[in-house]
There are 2 protein chains.
Amino acid sequence: MRLLQVTDPAKVLEIIDTHFYPLPAETVPLEEAGGRCLAEPLRAREDIPGFDRSTVDGYALAARDTFGAQEGLPAILNCTGEVLMGRPAPSIAAGQCCLIHTGGMLPAGADAVIMLEDTETMGEMVYAYRQVAPGENVIHRGEDIQKGSTILPAGRRLRAPELGLLASLGMTEVPVHRQPVMGILSSGDELVPHHTAALAPGQIRDTNTPALSYLGRQYGARVIAGGILRDEYSEFLERSRALLEQVDFLILSGGSSVGSRDHTARALQEMGEPGLLVEGVAIQPGKPTLLASCGGKPVLGLPGHPVSALNIFLVFGTAILYRLSGRTRPDFSPSVPAFLTRNVPSRSGRTDYVRVKLSRSGDKWQATPVFGRSGMLRTLAEADGLIIIPPAKEGLAQGEAVEVYPLD
Amino acid sequence: MRLLQVTDPAKVLEIIDTHFYPLPAETVPLEEAGGRCLAEPLRAREDIPGFDRSTVDGYALAARDTFGAQEGLPAILNCTGEVLMGRPAPSIAAGQCCLIHTGGMLPAGADAVIMLEDTETMGEMVYAYRQVAPGENVIHRGEDIQKGSTILPAGRRLRAPELGLLASLGMTEVPVHRQPVMGILSSGDELVPHHTAALAPGQIRDTNTPALSYLGRQYGARVIAGGILRDEYSEFLERSRALLEQVDFLILSGGSSVGSRDHTARALQEMGEPGLLVEGVAIQPGKPTLLASCGGKPVLGLPGHPVSALNIFLVFGTAILYRLSGRTRPDFSPSVPAFLTRNVPSRSGRTDYVRVKLSRSGDKWQATPVFGRSGMLRTLAEADGLIIIPPAKEGLAQGEAVEVYPLD
């Protein structure tokens, strides 16, 4: 029996970044660009705001007309009208002012706005009870964004603020990296489609296809589920090849037997150059993970155990999707700080992912490991998240502070 | 000028949970159930696994036939064949064994599996070099899930592990709460649709519609964007009413002027009972937030400033969507622990949401506030996340430990 050459998880992430590249650019409407990553830096084609605007409700005026004004000695101005929202502002002369609303366009001749509460009106006369400085309560043209400046770098994922920013500039079409298409094939003679009503003895339903399809979509992919492969090598290879041609990233969710794993490893070598890159990872659960580059496309061979398969997809499958999407992998992973309620053993030299449930204890969170064999989906469904035990540690002690990474 | 009656953010969340309810149940195919919440608890209709299975590659046998076996004194068994994956297992008699793969069905007559590496074969003879206990390397029928047991509670959001679990049981249709339909109307005479190519003086593009549409979909809603309302009350009311009829949750993204805000407040009182519930929140940015229940449907009046609007949507809009979806609001919010690079002032008595950028400093994260006026989307696009300063605190000091909540 050949021993696995296991690779460190951090090294696998490096291999992913070295061997695979962002997909080509395409232009999509802004409405469909959310979550996608910019294929090139974007420059502003306009100033934002496009005109000097008031930041308060008040009177637009020339600041110098208020110099020296105070509680007992107001400056008196002549109100010539109102700035209507969305309309060009009328201009004012010295000694005049104009009613203006938040966001309204500053009239020519005005350089500041006095707030309503600092004034009183008597007919067309406005009494200003304090002095304002030039520029006070005004946001100037181009103050948020200057025309020609770079507003977003290449690789930036478009979240709600970025979409708002692009919308404010009238950018209706956005250059983004193409959305990855992810293919999934499950293999194993014991597997039947999950919608099979009655199982024959020895059969089990394929759970990886529906679970991984959902995760793939969550992480930005379009998913093609290719069905179930029998443990017959020539058919296995032919159908894997056929699906690989249609996708950017192929997942072979292995059967749990050695034979089925051998088929996957062999197919990963034969589907294209350079072939196998990783043939085992120092990780638990999920050690028998395979990664290949077949003609430049990533192919991930997942362990058949559903819990291992989901764990490996979350660690490496998402990294592959991020890479293909052109996204810089977020350096930060949000987590929930918690305390362990019991000891957790771990073997030194490998990275352990431990399923935990979160519960409240006073104003702290406590994390309780969910025990059970690795194949059991129930243990994963009961877990709120995962804690990671690095290779240098031999387990964690009760009461130790841990970071819990929520499960999607 | 009437003073706002501001409500504490925690109280607003309470009001949301008290006044609104999960939407009715519907049945959807498993493939579309990801992210939805169960409308009722689910029971298992089968045992999982459905038969005793091997957890290793080895030989299925009766444990008692190996009792006393050791390195120099193997037990000798007669191998009668192989358990084929997905097929009923043949039965064995005393003194016999059967080759079995991981996941294979245990033959009648066997109660344990010895691993391949603990054996040697000579023709049809298998030498077992250690003794195994009854049940060793076997997962028993029903050990993961027992038929009739409750596998998932009502309100549980269906993540990948839950989908896998349901698939393993052959559950192809799932009872979930209906997906919320969220309507968005922007108001303000200065607003034009974001796809407007050239702006006239005083006009700005509506950025809240595209940004909030994306966020609404991210948080599980189907979104109807109703366009832009003029600051003319009867049209404002009529169009708000018409959209409210089509949706489960209406967002009125207010113009920035006092007049436009007054229209929103008035409409929220007139669209249905009981009307306004919240007319200002002790939060920054986003104080002039309105919340109403109009005939039992939530209507949220957002401030016009894009940064305030997005902040309020993330704090309260998402809570409303969770409530309608039947989801128990996650008690835990994942965050990134960091240290502040400078002092951040804050007013006591209100909750401040401060935009920060994250950067690496050794093995720690440091959070640097992104300064700029509240209306500026650029400051939000530059931010990686938000830190929350509770009402009891008057600012945070440089070097202080903070939790950064990532921005979607």
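This is a guided tour of a predicted two-chain model, going from the whole assembly to single residues.

Residues are numbered from 1 along each chain as its sequence is written, while chains are lettered from A and ligands numbered from 1 in the order in which they are written. As the model is predicted, local features are given only at pLDDT of at least 70 and side-chain atom pairs count only at pLDDT 80 or more, whereas totals for chains, interfaces and linings use all residues.

**The two copies**

Start with both chains in view: a rotation of 180 degrees, with 0.0 Å of shift along its axis, lays chain B over chain A with an RMSD of 0.1 Å, by least squares on the C-alpha atoms of residues with pLDDT of at least 70 in both copies. The copies are thus related as by a two-fold rotation axis.

Next, select the interface, where 78 residues of chain B are in contact with 78 residues of chain A, contact meaning that C-beta atoms placed from the backbone lie within 7 Å. On the side of chain B that touches chain A, α2(B) gives the most, with eight residues; helices here are DSSP runs of H or I of at least four residues, and strands are runs of E of at least two, numbered from the N terminus. Other elements that give two or more residues to this side include α3 (208-218), α5 (258-270) and β23 (351-361) of chain B. The residues of this side divide into 39 nonpolar, 23 polar and 16 charged, where Ala, Val, Leu, Ile, Met, Phe, Trp, Tyr, Cys and Pro count as nonpolar, Asp, Glu, Lys and Arg as charged, and the others, Gly among them, as polar. Because 99% of the interface residues of chain B are also interface residues in chain A, the copies meet through the same surface.

**Helix α3 of chain B**

Now select α3(B), a mostly covered element in which nine of its 11 residues are buried, that is, with 20 or more other C-beta atoms within 10 Å of their own (12 or fewer is exposed, in between is partly exposed, and C-beta atoms are placed from the backbone). Among the buried residues are Pro210(B), Leu212(B), Tyr214(B) and Leu215(B). The buried residues of α3(B) pack against α2 (160-168) of chain A, together with β13 (181-187), β16 (222-229), β17 (249-253) and α6 of chain B. After α3(B) comes Gly220(B), whose phi is positive, near 95 degrees.

**Domains and core of chain A**

Colour chain A by domain, with bounds from an automatic or database domain assignment: domain 1 (9-23 + 179-325), domain 2 (28-43 + 149-177), domain 3 (53-139) and domain 4 (336-406). The centres of domain 2 and domain 4 of chain A, taken over C-alpha atoms, are separated by 38 Å.

Then find Val299(A) and Phe316(A), the residues with the most contacts inside the largest nonpolar core, which has 91 residues; such a core is a set of buried Ala, Val, Leu, Ile, Met, Phe, Trp, Tyr and Cys residues joined through C-beta atoms within 7 Å. Helix α6 (residues 306-325) of chain A supplies the largest share of this core, 12 residues. A second, separate core of 90 residues includes Ala160(A), Leu185(B), Ala292(B) and Val404(B). Returning to Val299(A), its contacts beyond four places in sequence include Leu244(A), Leu268(A), Met271(A) and Cys294(A).

**Around strand β5 of chain A**

Asp65(A) is found in the loop between β4 (58-61) and β5 (75-82) of chain A, and with 22 C-beta neighbours inside 10 Å it counts as buried. Not counting residues up to four places away in sequence, Asp65(A) touches Ala75(A), Leu77(A), Ala94(A) and Gly95(A).

Follow β5(A) itself, which pairs in the antiparallel sense with strand β9 (residues 125-128) of chain A over four bridges, pairing requiring that DSSP find at least two bridges between the strands. Here Leu77(A) has Val126(A) as its bridge partner in β9(A). Strand β6 (residues 96-100) of chain A runs parallel to β5(A) and is joined to it by three bridges, with Cys79(A) standing opposite Cys97(A) in β6(A).

**Backbone details to finish**

Select Asn137(A), which lies in the loop between β9 and β10 (138-139) of chain A and has a positive phi of about 60 degrees although it is not a glycine. Lastly, inspect two cis peptide bonds: one runs from Glu273(A) to Pro274(A), with omega near -10 degrees, and another joins Gln284(B) and Pro285(B), with omega about -5 degrees. Pro274(A) is found in strand β18 (residues 274-279) of chain A, whereas Pro285(B) is found in the loop between β19 (283-284) and β20 (290-294) of chain B.

Conventions. Two residues are in contact if their C-beta atoms, placed from the backbone, lie within 7 Å.
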